[in-house]
Amino acid sequence: MENAAQKLLDDVERKWKWYQIDRFVGALVGAVIYSLGINLFIVPVSLYSGGVMGFSQVIRTVLVQYMHLPIHNFDIAGLVYYLINVPILLLSMRQIGRRFFAKTVMCVTAVTVLLSVIPIPAQPILPEDTLAVCVIGGIICGAGMGLALKNGGCLGGMDIVGMMLGK
């Protein structure tokens, strides 16, 4: 009888472990989708996202276009995004759970790397229709954010503040 109970417990533990791995991967896929939406749709038409990402994009524009920071083939918006998120993450560390915190750090790091690695097209995907590109980019970014949140993580910025206020 004890063998059957131990076998059942081991089976539940194994399923729980795979469930958590699936959620980590789902949150990471959300970060990839979000980054693709930003770099392929929003940035090429010179639009800005909202929240911390939009603030990071404004800082990038000021540094590159107005202060003539010599950065070629590298988008520093991701690095600025990470630097802004570090204090927010440190403030939220105690209020949100360990898994949520780990997934959030993983997602913010992934977004930072992906925004710097994914090439921004020289021409917008739909050059004639800025509104359509804006809507499509918003849908893609929203889907990425939603997927990350659904899987127990978030992409940083005001999402973390919202989760803290929700608790």
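How many helices and how many strands are there in the chain? The chain has six helices and zero strands. This is a predicted model. Read from the N terminus, the elements run α-α-α-α-α-α. Along the principal axes, the C-alpha atoms fill a box of roughly 70 × 35 × 30 Å.

Now to the packing. Two packed helices are described by the angle between their axes and the distance between the axes. Helix α3 is a useful place to stand, and it covers residues 77–92. Three pairings are followed from here.

Take α2 with α3. Their axes lie 8 Å apart, at an angle of about 130°. An angle of about 130° is neither under 35 degrees nor over 145, and it falls outside 65 to 115, so α2 is oblique to α3. The crossing of these two helices is right-handed. On the α2 side, the contact is made by V52, M53, F55, S56, Q57, I59 and R60. Facing them in α3 are A77, V80, Y81, I84, N85 and I88. By class, this contact has nine nonpolar, three polar and one charged residues.

Next comes α3 with α4. Here the axes come within 8 Å and cross at roughly 165°. That angle is over 145, and therefore α3 and α4 are roughly antiparallel to each other. Their crossing is left-handed. From α3, the contact uses G78, L79, Y81, Y82, N85 and L89. From α4, it uses F101, T104, V105, V108, T109, V111, T112 and L115. The class count for α3 with α4 is nine nonpolar, five polar and no charged residues.

The third pairing is α3 with α6, a helix of residues 158–166. The axes are 10 Å apart and the angle is about 15°. Because that angle is under 35 degrees, α3 is roughly parallel to α6. This crossing, too, has a stated hand: left-handed. N85, I88, L89, L91 and S92 of α3 meet I160, V161 and M164 of α6. The contact divides into six nonpolar, two polar and no charged residues.

Some α3 residues recur along the way. N85 takes part in the contact with α2, in the contact with α4 and in the contact with α6. Y81 meets α2 and also belongs to the contact with α4. I88 is listed against α2 and against α6. L89 serves the contact with α4 and the contact with α6.

Packing leaves space as well. Rolling a probe the size of a water molecule over the atoms shows where empty space is left. What volume does the largest pocket have? The value is about 510 Å³. Its lining holds 22 residues. Nearest the centre of the pocket lie V43, R60, V64, D75 and I120.

Which helices each supply at least two residues of that lining? They are α2, residues 51–66, and α4, residues 98–117. The largest share comes from α2, with four residues. By class, the lining has 14 nonpolar, six polar and two charged residues. R60 links the two parts of this account. In α2, R60 is one of the residues that meet α3. R60 is also among the lining residues nearest the centre of the largest pocket.

How values were computed: Residues numbered from 1 in each chain as written. Predicted model: local features only at pLDDT ≥ 70, side-chain atom pairs only at ≥ 80, totals over all residues. Heavy atoms only, no water. 1 Å grid on protein atoms, 1.4 Å probe; cavity = no way out; pocket = protein on both sides within 12 Å on 5 of 7 lines; lining within 4 Å. Points joined across faces, edges and corners; volume = space filled by probe spheres on them. Nonpolar A, V, L, I, M, F, W, Y, C, P; charged D, E, K, R; others polar. Axes fitted to C-alpha atoms, helices over the stretch in contact; angles between N-to-C directions. Left-handed = near helix turned anticlockwise from the far one by under 90°. Contact = heavy atoms within 4.5 Å.
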